[in-house]
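Q: Please take a close look at the backbone exceptions in this structure, and at the packing and the empty spaces around them. A connected account would be preferred to a list.

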Amino acid sequence: AYHHFRLLCVKRTLGGLPPWGTMARELKRLIKSAKLDVAKEEEAFLCEILEAPALSSASGDFWKSYGKTLKKMAQGDIAIRARLLEVFPKVGNEKFDSWWLEFLDECGALDDFCALEVKGKAKQAREKALKLELSESRAAWFSRLVKHCYRTWRSAGPPEPVFHLLRRASKRLIADKEAISCSGRYNRLDLDLLDLALELKIPIVDPVERTTFDLSMWAKSADKAERGRDPIHVWNDERFQHILAKAVDNTAGTREFEEVAQGKKGLAQARENWLLRNIESLDGEAVPSLENGLEKLESATSAATYQEFPKAYEKLKKKEVSKALTRNLQLGILDELGWPLLEETIAKLSPKGKAKLYFSSTWPHLIVSDGLKVVVISAQGKEKEFELQLPQKAQLLRMRYIGGEIVVLFRNAKGIVQGCWT
């Protein structure tokens, strides 16, 4: 039974179907029933399926069940370590990603990844073997790791071990002289990881069109280890400065971002520019726009904001409301654009403001109806008032005032458009 089941598991995995979560336990139970050596059988089984592409979709339980066996195998075989570097499990979350990187480290795969080229026949052979197994450069592998950590819309990005790995591998990545990417989904750069890479002087791929920073996510993750860095190195890099400034413009003023960004030198200039622009925009506005602008500033800033940016505070103090009031009077107030007769007519037809009203015009007359009454008004006053009698379930379409009478177009219950005179 064990051999038949084992063959099924091997063929199934090599055929493209990922191992299920309980496969390891079921195989182990059958191995014990067959009174065979569990360790040897598991190693033989894993050797047969290790190259299967479907392993990248295997469940977390599968990897954790075979973790000890794989670790023992990998520690003695560089080809297995290189193969594990290529897997990138698709399942799991940030917690599993951390576990996977720790597992790779225990296997010795990350030591291989970070190792510098050194002299000595044995070590040269070891280095050559690893290069032979990897399908891409170390920079490309690390870039793929970052993108993998953003594989779903729910992904929080690279966990803490990725930052540790970047520090460990920095000398090798610099020596390779090949640029890495810190971009996740939709060309969104990981601000903290990018800032660390620039600090370590690791070559970085130039940003492409529509590259962005998600500063809302950055602020939400600021309480985690390695997160919420002061992005001073990103700001000082001309390639990324304008991208960061644009991201600040889109996020500045939100409570969560402002709390985290306060005191960060890498965000100070962009935040101050945003604040000064909003204060500057108050000039030339009428009273309603000025009120909206002041409300926006009130909700987006605090006393601490103006302590951090005293120049903005001084500029805001000099703003005069009288300018906005003057402009408002020059343009005219809203009540001057009203029509008392129309307002009186609407109030009569819909006292509670809930009735559906219909409006039509035959210049210079305006026709208002609630479906039961029709009132005709003009600049000279109320012209006429009619009772409207339409068939049941009729839909009023249009009205025209002609020769002292009103022609009414409506759609009857059968959908046919008809007309009548009042």
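A: Lys393 sits in the loop that runs between β6 (381–387) and β7 (395–402). In this predicted model, the phi angle of Lys393 is near 65°, a positive value in a residue that is not glycine. Most residues other than glycine have a negative phi, and most peptide bonds are trans. Lys393 has a relative accessibility of 76%, so it counts as exposed, the cut-off being over 50%.

Phe88 also has a positive phi, of about 55°, although it is not a glycine. This residue is likewise in a loop, here between α6 (78–85) and α7. Is Phe88 buried or exposed? Its relative accessibility is 8%, and because the limit for burial is under 20%, Phe88 counts as buried.

A further backbone exception concerns the peptide bond between Trp363 and Pro364, which is cis with an omega of about 10°. Pro364 is placed in the loop between β3 (358–362) and β4 (365–369).

Phe88 leads on to an enclosed space. The structure holds three cavities of 30 Å³ or more, and the largest has a volume of about 70 Å³. Phe88 belongs to the lining of this largest cavity, together with Pro89, Phe96, Asp97, Trp100, Leu101, Leu145, His148 and Cys149. Two helices, α7 and α10 (138–149), each supply at least two of these lining residues. The largest share, four residues, comes from α7. By class, the lining of the largest cavity comprises seven nonpolar residues, one polar and one charged.

Several of these names recur in the nonpolar packing. In soluble globular proteins, nonpolar side chains tend to be buried together. The largest nonpolar core has 89 residues, and those with the most contacts inside it are Trp63, Leu84, Phe142, Ile180 and Phe213. Apart from its neighbours within four places in sequence, Trp63 is in contact with Leu55, Ala58, Leu70, Leu84, Val87, Pro89, Phe96, Trp99 and Trp100. A second core, separate from the largest, has 10 residues and includes Ile367, Phe386, Leu396 and Tyr401.

The ring geometry adds detail to this picture. The count of aromatic pairs comes to 14. In one of the pairs, the ring centres of Phe45 and Tyr66 are 6.1 Å apart and their planes lie at 40°, so the pair is tilted. Phe45 belongs to helix α3 (residues 38–49) and Tyr66 to the loop between α4 (60–65) and α5 (67–75), so this pair ties together parts that are 21 residues apart in sequence. Phe45 has 2% relative accessibility and counts as buried; Tyr66, with a relative accessible area of 1%, is buried as well.

Trp63 and Trp100 form an edge-to-face pair, at 5.0 Å from centre to centre and with 70° between the planes. This pair links distant parts of the chain, with Trp63 in helix α4 and Trp100 in helix α7 (residues 94–107), 37 residues apart. Both Trp63 and Trp100 are buried. These tryptophans and the tilted pair belong to one aromatic cluster, which is formed by Phe45, Phe62, Trp63, Tyr66, Phe96, Trp99, Trp100 and Phe103.

The open spaces remain to be described. The largest pocket has a volume of about 320 Å³. It is lined by 20 residues, of which Tyr150, Ser155, Arg188, Asp214 and Met217 are the closest to its centre. At least two lining residues come from each of β1 (188–189), α12 (191–199) and α13 (215–220), and the largest share, three residues, is from α13. The lining of the largest pocket divides into 10 nonpolar, four polar and six charged residues.

The second largest pocket contains about 200 Å³ of space. It is lined by 16 residues, and the closest to its centre are Leu282, Leu290, Leu294, Leu316 and Lys319. Helices α18 (287–300) and α21 (321–331) are the elements that give two or more residues to this lining. The largest share, four residues, comes from α18. In the second largest pocket, the lining has eight nonpolar, two polar and six charged residues.

Terms used
Residues are numbered from 1 along each chain as its sequence is written. This is a predicted model: local features need pLDDT of at least 70, side-chain atom pairs count only at pLDDT 80 or more; totals for chains, interfaces and linings use all residues. Side-chain values use heavy atoms; hydrogens and water are left out. On a 1 Å grid over the protein atoms alone, a cavity is a set of points where a 1.4 Å probe fits but cannot get out, and a pocket is an open set with protein on both sides within 12 Å along at least five of seven lines; lining residues have an atom within 4 Å of a point. Grid points are joined across faces, edges and corners, and a volume is the space filled by probe spheres set on the points. Ala, Val, Leu, Ile, Met, Phe, Trp, Tyr, Cys and Pro count as nonpolar, Asp, Glu, Lys and Arg as charged, and the others, Gly among them, as polar. A nonpolar core is a set of buried Ala, Val, Leu, Ile, Met, Phe, Trp, Tyr and Cys residues joined through side-chain atoms within 4.5 Å. Buried means under 20% relative accessible area, exposed over 50%, partly exposed in between (1.4 Å probe, protein chains only). Contact means heavy atoms within 4.5 Å. Rings of Phe, Tyr and Trp (its six-membered ring) pair if their centres lie within 6.5 Å; planes under 30 degrees apart count as stacked, over 60 as edge-to-face and the rest as tilted.
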